[in-house]
Amino acid sequence: MGGNGPAPKDPNRRQRRNKDALPQTVLRWERAEAPELPDFRIERDGDLVEFVWPERTREWWQMWIDSPQAEHFGSSDWQYLLDTALIHARLWRGDLSAAGELRLRVAAFGATPADRARLRMVFAEADGADGGSGRSGGPSARERYGATKLRSLPGGKSAAEE
């Protein structure tokens, strides 16, 4: 005689319904060095003039080069970020219409804490801050309370009374 409850599900029907529709493509990792912000010319009033990067964009570019994320950037990432630098320059020259596109692009690289959380990025220092002990640095419960035995307080219910 079987136990209580519904019969077990047919093993052929026990499968995730949310599995990936397409298999992953595994790529060979290729780390790339950050390019320099390029020198180039733009057309202004019918003349070609040297483009000057805003100082704020140069600082922004260096921030990305120095970021922890940069060690995971490949050549296509740097090229995309280079195009994004042009949008950053537009914003810092007063073109506020560039703000939305800039925000979308830098979010893909983990620019803010919320972006990093969405991308499931964590800083390795947080993992290693406890020296691998799995502790916060404060005393453990065992150290705080020692070999103290647990006892019930007056007025509490025992397992037999429940």
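Let me start with a term: a residue counts as exposed when its relative accessible area is over 50%. R120 comes out at 76%, so R120 is exposed. Keep that in mind, since R120 returns at the end. And one caution: this is a predicted model.

Now the overview. The protein has 162 residues, and 19% of them count as buried. Its secondary structure comes to 6 helices and 2 strands. Starting at the N terminus, the order is β-β-α-α-α-α-α-α. So much for the layout.

Next, contacts and surface. Take the contacts between residues at least 6 apart in sequence: 53% of them join residues at least 24 apart. The accessible surface is about 13700 Å². Carbon and sulfur atoms hold 53% of that surface.

On to helix α1, residues 55-66. Does its length fit or clash with what a helix should give? Its 12 residues should span 16 Å at 1.5 Å a residue, and the end C-alpha atoms are 17 Å apart, which agrees.

Which residues of α1 are buried? They are T57, W60, W61 and W64. Look down the helix axis. The buried residues of α1 fall within an arc of 100°, so they line one face. E55 and D66 sit on the other side of α1, and both are exposed. What covers the buried residues of α1? The cover includes α2 and α3, the latter being residues 99-107.

That brings us to the core. The largest nonpolar core has 19 residues. The residues with the most contacts inside this core are W60, W61, W64, F73, W78 and L81. Three elements give two or more residues to the core: α1, α2 and α3. Of these, α2 gives the most, with 6 residues. There is a general point here: nonpolar side chains tend to be buried together in soluble globular proteins.

Take L81 as one core residue. Leaving out neighbours within four places in sequence, L81 contacts W60, W61, W64, F73 and F109.

Now the aromatics. How many aromatic pairs are there? The count is 11. Start with F40 and W53. Their ring centres are 6.0 Å apart and their planes stand at 75°, so the pair is edge-to-face. F40 lies in the segment before β1, and W53 lies in the loop between β2 and α1, so this pair ties together parts 13 residues apart in sequence. Are the two partners buried or exposed? F40 is partly exposed, with a relative accessible area of 26%. W53 counts as buried, at 4%.

Second pair: W60 and W64. The ring centres are 6.4 Å apart and the planes are at 75°, so this pair is edge-to-face. Both residues lie in α1, 4 residues apart, about one turn of the helix. Both are buried. There is also a cluster. Ring pairs link W60, W61, W64, F73, W78, Y80 and F109.

Let me walk along α2, residues 75-92. H88 lies in this helix. Why does H88 count as buried? Its relative accessibility is 3%, and the cut-off for buried is under 20%. What does H88 touch, leaving out residues up to four places away in sequence? R56, T57, W60 and L102.

L91 is in α2 as well. At 21% relative accessibility, L91 counts as partly exposed. With residues up to four places away left out, L91 touches L96, A98, A99 and L102. L102 is also on the list for H88. Now compare sequence with space for L91 and P54. They are 37 residues apart in sequence, and their C-alpha atoms are 9.8 Å apart.

Last topic: backbone angles. Most residues other than glycine have a negative phi. Which residues go the other way here? One of them is D45, with phi near 55°. D45 lies in the loop between β1 and β2. D45 counts as exposed, at 76% relative accessibility.

And R120 returns, as promised. R120 has a positive phi of about 60°, although R120 is not a glycine. R120 lies in the loop between α4 and α5. As I said at the start, R120 counts as exposed, at 76%.

How values were computed
Residues are numbered from 1 along each chain as its sequence is written. This is a predicted model: local features need pLDDT of at least 70, side-chain atom pairs count only at pLDDT 80 or more; totals for chains, interfaces and linings use all residues. Side-chain values use heavy atoms; hydrogens and water are left out. Buried means under 20% relative accessible area, exposed over 50%, partly exposed in between (1.4 Å probe, protein chains only). Contact means heavy atoms within 4.5 Å. Accessible areas come from the Shrake-Rupley method with a 1.4 Å probe; for residues, only the protein chains shown count as cover. The expected span of a helix is 1.5 Å times one less than its number of residues. The arc is that of the directions from the helix axis to the C-beta atoms. A nonpolar core is a set of buried Ala, Val, Leu, Ile, Met, Phe, Trp, Tyr and Cys residues joined through side-chain atoms within 4.5 Å. Rings of Phe, Tyr and Trp (its six-membered ring) pair if their centres lie within 6.5 Å; planes under 30 degrees apart count as stacked, over 60 as edge-to-face and the rest as tilted.
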